[in-house]
Amino acid sequence: MWRAYRDMRQANWKNSDKYFHARGNYDAAKRGPGGRWAAKVISDAREAVQGFGNSGRGRADSAADQAANRWGRNGGDPNRYRPKGLPKKY
C-alpha cells in the first residue's frame, strides 16, 4: 500500500485517486489473507479519519474510495480506475 501511496504522490495526476486506492489494496491482497486484512483495516481507518476532518471531499467521494478499495482487495484489476494519460510507470 505504501508503494501505491508514494506513486500517487509522485504522479500528482488528476483523477488518479481511485486507481491508486484500488492498486494499493490489490497489491496488499496479493500477499495473502494477512495482506488483505491489513488493507481493509488501513483503508477503513484512513477513510474514517478523513471523515473527521474538513477535507471537503464528502461522503460520496469517501464511498467511491471504499468501492475502489474493495475492488482491488477482492482481486479486481486496478486499471478499471486508471485515468487516461497516466504514465505507464504507474
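When I say that two residues meet, I mean contact: heavy atoms within 4.5 Å. Keep that in mind for the next few minutes. One caution before we start: this is a predicted model.

Let's begin with a helix pair. Two packed helices are described by the angle between their axes and the distance between the axes. Our pair is α2, residues 17–29, and α4, residues 58–73. The angle is about 35 degrees. The axes lie 7 Å apart. The crossing of α2 and α4 is right-handed.

Who touches whom? On the α2 side, the list is Asp17, Lys18, His21, Ala22, Asn25, Tyr26 and Ala29. On the α4 side, look for Asp61, Ala64, Asp65, Ala68, Asn69, Trp71, Gly72 and Arg73. Now sort the residues of this contact by class. Six are nonpolar, four are polar and five are charged.

Take one residue from that contact: Lys18, in helix α2. Is Lys18 buried or exposed? Its relative accessibility is 17%. The cut-off for buried is under 20%, so Lys18 counts as buried. What surrounds Lys18, leaving aside neighbours within four places in sequence? The contacts are Asp61, Ala64, Asp65, Ala68 and Tyr81. Of these, Asp61, Ala64, Asp65 and Ala68 are on the α4 list you just heard.

Stay on α4 for a moment. Ala63 sits in that helix. At 44% relative accessibility, Ala63 counts as partly exposed. Find Glu47 as well. Ala63 and Glu47 are 16 residues apart along the chain, and their C-alpha atoms are separated by 8.8 Å.

Next, the largest pocket. Its space is about 250 Å³. The lining has 15 residues. Which of them are closest to the centre? They are Met1, Tyr5, Phe20, His21 and Arg46. Note His21: that residue is also in the contact of α2 with α4.

Where does the lining come from? Helices α1, α2 and α3 each supply at least two residues. For reference, α1 spans 2–11 and α3 spans 33–52. The largest share comes from α2, with five residues. By class, the pocket lining has seven nonpolar, five polar and three charged residues.

Over to α1. Ala11 is in this helix. Its relative accessibility is 14%, so Ala11 counts as buried. Not counting residues up to four places away in sequence, Ala11 touches Phe20, Leu86 and Tyr90. Phe20 should sound familiar: we had that residue among those closest to the pocket centre. For a longer span, try Ala11 and Asp44. These two are 33 residues apart along the chain. Their C-alpha atoms are separated by 24 Å.

Last stop: the loop between α1 and α2. Two asparagines here deserve a look. Asn12 is in this loop, and so is Asn15. What is the sign of phi at Asn12? Positive, at about 50 degrees, although Asn12 is not a glycine. Asn15 also has a positive phi, about 65 degrees, and is not a glycine either. Now accessibility. Asn12 has a relative accessible area of 67%. Asn15 comes in at 62%. The cut-off for exposed is over 50%, so Asn12 is exposed and Asn15 counts as exposed too.

To recap: α2 packs against α4 at about 35 degrees, and α2 also gives the largest share of the pocket lining. Lys18 and Ala11 count as buried. Asn12 and Asn15 are exposed. That's it from me.

Notes:
Residues are numbered from 1 along each chain as its sequence is written. This is a predicted model: local features need pLDDT of at least 70, side-chain atom pairs count only at pLDDT 80 or more; totals for chains, interfaces and linings use all residues. Side-chain values use heavy atoms; hydrogens and water are left out. Axes are lines fitted to C-alpha atoms, for helices over the stretch in contact, and angles run from 0 to 180 degrees between N-to-C directions. Helices (H or I, at least four residues) and strands (E, at least two) are DSSP runs, numbered from the N terminus. A crossing is left-handed if the near helix is turned anticlockwise from the far one by less than a right angle, and right-handed if clockwise. Ala, Val, Leu, Ile, Met, Phe, Trp, Tyr, Cys and Pro count as nonpolar, Asp, Glu, Lys and Arg as charged, and the others, Gly among them, as polar. On a 1 Å grid over the protein atoms alone, a cavity is a set of points where a 1.4 Å probe fits but cannot get out, and a pocket is an open set with protein on both sides within 12 Å along at least five of seven lines; lining residues have an atom within 4 Å of a point. Grid points are joined across faces, edges and corners, and a volume is the space filled by probe spheres set on the points. Buried means under 20% relative accessible area, exposed over 50%, partly exposed in between (1.4 Å probe, protein chains only).
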